[in-house]
Amino acid sequence: IVNLQAQELSLDEILNNYYEVMGLEKYADINSVTVTGQSINNGMEMPFTIFQIKPDKLRMEVDIQGQKMVQAFNGESAWYIAPWTGSLEAQDMAADQIKSMERQADMEGPLYNYKEKGNTVELLGKDDMEGSEVYKVKLTYPDGDSQVYFIDAENFVVLKEKTTTTTMGQEINTETYYSDFKPEGDIMIAHSFEVKMNG
């Protein structure tokens with residue numbers, strides 16, 4: 001890791017440090033990832049499992065009070081099963097939901113090889129986030145949706161992501177906070193995250 005505290009880092013240096021710390025180049029040797037955890041929503045704990053398989057396939061299963069919600073994306077189309085709708089039949093997802101699933105299915109994330117993915121990236125500068133100095137890096141997707149990454153200036157992990165997407169004509173702002181970074185093999189992964197939608 002280049003430590004150039006005296007001089008400001010360029011966008012490429014920040015991103016290269018981030019790629020290196022997270023072990024993103026190691027994903028070239030990985031074909032599948034399974035993540036298990038607990039989701040806590042309004043005080044209710046729900047076990048979940050996420051399966052990712054290259055290229056761009058994703059399946060998420062969430063146990064909700066003994067019933068299983070499933071969301072799946074096969075690289076082109078997406079479907080879901082929501083038992084509380086009274087049906088266990090797979091339902092097709094709307095275009096906006098497919099877009100979200102497609103982005104989640106990108107194992108390395110949109111910042112890695114962003115040019116090849118058609119994304120543009122700019123450095124917005126430095127900021128203070130709860131006592132940590134962070135670089136703010138903005139990524140814009142080809143359709144205009146955007147994400148601002150708050151990258152720790154010391155450890156080069158993403159502490160926060162601020163996402164702006166348009167769903168059914170409405171702008172939705174989501175903030176995701178990452179913590180408890182620990183290595184899994186050669187890859188660094190946040191073992192805890194908190195999501196806030198529209199505040």
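**Note on the sheet and helix α1**

1. In this predicted model, six strands make up an open sheet whose order is β7-β8-β9-β10-β11-β12, and the pairing between them is antiparallel. The edges are taken by β7 (120-129) and β12 (187-197), and because each of these has a single partner strand, one side of each is left without a neighbour in the sheet. From one strand to the next, the twist averages 20°.

2. Within this sheet, one pairing can be followed in detail: strand β8, which covers residues 132-140, and strand β9, which covers residues 146-152, are joined by seven bridges in the antiparallel sense. If you look along β8 for Tyr135, you will find that it stands opposite Ile151 in β9.

3. Helix α1, made of residues 11-22, lies across β7, β8, β9, β10 (158-167), β11 (170-184) and β12, and it runs at about 80° to β7. A check on its length is possible, because at 1.5 Å a residue the twelve residues of α1 should span 16 Å, and the 17 Å between its end C-alpha atoms agrees with that.

4. Which residues of α1 are buried? They are Leu11, Ile14, Leu15, Asn17, Tyr18, Tyr19, Val21 and Met22, and these buried residues pack against β7, β8, β9, β10, β11 and β12. When reading such a list, it helps to remember that an α-helix has 3.6 residues a turn, so residues three or four places apart point the same way.

5. The residue just after α1 also deserves a look, since Gly23 takes a positive phi of about 70° there.

Key: Residues are numbered from 1 along each chain as its sequence is written. This is a predicted model: local features need pLDDT of at least 70, side-chain atom pairs count only at pLDDT 80 or more; totals for chains, interfaces and linings use all residues. Side-chain values use heavy atoms; hydrogens and water are left out. Two strands pair if DSSP finds at least two bridges between them. Helices (H or I, at least four residues) and strands (E, at least two) are DSSP runs, numbered from the N terminus. Axes are lines fitted to C-alpha atoms, for helices over the stretch in contact, and angles run from 0 to 180 degrees between N-to-C directions. Contact means heavy atoms within 4.5 Å. The expected span of a helix is 1.5 Å times one less than its number of residues. Buried means under 20% relative accessible area, exposed over 50%, partly exposed in between (1.4 Å probe, protein chains only).
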